[in-house]
Amino acid sequence: MSVTSAITGLPAVRQEIVRACADARRDPAGVTLVAVSKTFEATAIDPVIAAGQTVFGENRVQEAKGKWPALQAAHPGLELHMIGPLQSNKVKEAIALFDAIHSVDRPSLCEALAKEIAKTDRRPLLFLEVNTGAEPQKAGVLPQDADAFLARCRDGYGLAIGGLMCIPPHDEAPAPHFALTAKVAARNGLKLLSMGMSADFPIAIAMGATHIRVGTAIFGGR
Ligand SMILES: *Cc1c(COP(=O)(O)O)cnc(C)c1O
């Protein structure tokens with residue numbers, strides 16, 4: 001094993017993905033690891049790129065804009081995913097910067113995304129965030145509102161949503177929240193599920209996650 005990969009948690013996370021997929025009789029190729037590099041500088045990201053990781057997640061447009069263009073120039077083929085709340089006035093920058101947005105959560109944002117996407121040749125992969133715990137402080141549409149929201153995105157704004165994303169309440173068992181998200185996706189014919197973080201990604205894989213967002217287990221504590 002190379003020195004660069006040994007100093008990150010990436011090999012252990014990869015092993016855990018393979019194990020969770022074997023347990024769930026899933027092909028590991030069906031699980032995209034989004035390495036969440038928020039708050040970490042390029043010097044911490046470099047070894048993870050050197051170890052072969054190509055998909056990264058950030059939660060702030062401003063921070064991503066500061067560190068990713070140089071990394072992308074140095075390493076063609078990297079994919080950058082937006083996983084945090086997105087303000088409508090940052091949509092133009094977000095479309096230019098990100099290959100996927102996991103945090104679509106309100107009609108006004110859909111409208112802004114649709115308008116901006118129409119002006120560009122960029123087609124970011126979009127996930128609708130579902131607030132499965134109905135937590136007032138958390139972004140996302142309520143599970144019972146998701147079907148109507150998806151129809152409105154599609155028919156009202158011509159916006160193709162590829163999947164659903166959830167962040168379970170941190171004081172609850174995540175499995176029921178993952179199961180609910182998977183159920184809402186299935187009844188809407190959506191194939192992609194962004195769910196699972198450092199503490200619970202093996203459970204998310206067992207419940208069908210196609211994209212796991214893992215920060216701490218790769219980069220260490222923030
Ligand atoms: C920070 C963050 C993650 C990664 O969390 P870890 O516990 O560090 O793995 C995943 N998803 C979202 C939306 C985040 O903001």
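Hi everyone. Going by the centre-to-centre rule for rings, there are two aromatic pairs in this structure. Before I walk you through them, please keep in mind that this is a predicted model.

Let's take phenylalanine 40 and phenylalanine 219. Their ring centres sit 5.2 Å apart and the planes meet at 25°, so we call this pair stacked; the cut-off for that label is under 30 degrees. What does the pair connect? Phenylalanine 40 is in the loop between β1 (32-36) and α3 (42-50), while phenylalanine 219 belongs to helix α10 (residues 216-219), so the contact ties together parts that are 179 residues apart in sequence. Are these rings buried or exposed? Phenylalanine 40 has a relative accessibility of 13% and counts as buried. Phenylalanine 219 is buried too, with a relative accessible area of 13%.

Now the other pair, phenylalanine 56 with tryptophan 68. Here the ring centres are 4.9 Å apart and the planes are at 40°, so this pair is tilted. Phenylalanine 56 comes from strand β2 and tryptophan 68 from helix α4, so the parts being tied together are twelve residues apart in sequence. As for burial, phenylalanine 56 counts as buried at 0% relative accessibility, and tryptophan 68 is buried with a relative accessible area of 0%.

That brings us nicely to the strands, as β2 is where phenylalanine 56 lives. Strand β2, residues 55-58, pairs with strand β3, residues 79-82, in the parallel sense, and four bridges hold the pairing. If you want a landmark on your screen, find glutamate 58, which stands opposite methionine 82 in β3. How does the chain get from β2 to β3? It passes through helix α4, residues 61-74, and this β-α-β crossover is right-handed.

Carry on from β3 and you reach strand β4, residues 100-104; the two run parallel and are joined by two bridges. The landmark here is histidine 81, standing opposite alanine 100 in β4. Between these strands comes helix α5, residues 91-97, and β3, α5 and β4 together make a right-handed β-α-β unit.

Next, charges. Side chains of opposite charge can pair when their charged atoms come close. How many salt bridges does a search of the whole structure find? The count is eleven. I'll show you three examples.

Start in helix α4 again, with glutamate 63 and lysine 67. They form a salt bridge whose closest N and O atoms are 2.8 Å apart. The two residues are four apart in the helix, so about one helical turn separates them. Their surroundings are worth a look: glutamate 63 is partly exposed at 23% relative accessibility, whereas lysine 67, at 12%, counts as buried.

Then go to helix α2, residues 10-23, which holds both arginine 19 and aspartate 23, four residues apart, or about one turn. Their salt bridge has its closest N and O atoms 2.6 Å apart. Arginine 19 is partly exposed, with a relative accessible area of 38%, and aspartate 23 is exposed at 57%.

The last example is in helix α6, residues 107-119, where glutamate 116 and lysine 119 lie three residues apart, again about one turn of the helix. Their side chains meet in a salt bridge of 3.6 Å, N to O. Which partner is buried, and which is exposed? Glutamate 116 is buried at 9% relative accessibility, while lysine 119 is exposed at 63%. And coming back to helix α2 for a moment, arginine 19 and aspartate 23 belong to something wider: salt bridges with shared partners join Glu16, Arg19 and Asp23 into one network.

Finally, the cysteines. How many disulfides does the structure hold? Zero. Cysteine 153 is the one to zoom in on: the nearest cysteine sulfur belongs to cysteine 110 and is 3.1 Å away, yet cysteine 153 is in no disulfide. Why not? The cut-off is a sulfur pair within 2.5 Å, so 3.1 Å does not qualify. Cysteine 153 is also buried, with a relative accessible area of 1%. Cysteine 166 is in no disulfide either, and for that residue the nearest cysteine sulfur, from cysteine 21, is 17 Å away. Cysteine 166 is buried as well, with a relative accessible area of 0%.

That's my tour. Thanks for listening, and I'm happy to go back to any of these spots.

Methods. Residues numbered from 1 in each chain as written. Predicted model: local features only at pLDDT ≥ 70, side-chain atom pairs only at ≥ 80, totals over all residues. Heavy atoms only, no water. Pairing = 2+ DSSP bridges. Right-handed = clockwise from strand over helix to strand, strands pointing away. Phe/Tyr/Trp six-rings, centres within 6.5 Å; stacked < 30°, edge-to-face > 60°. Buried < 20%, exposed > 50% of the residue type's maximum accessible area, 1.4 Å probe, protein only. Salt bridge = Lys/Arg side-chain N within 4 Å of Asp/Glu carboxyl O.
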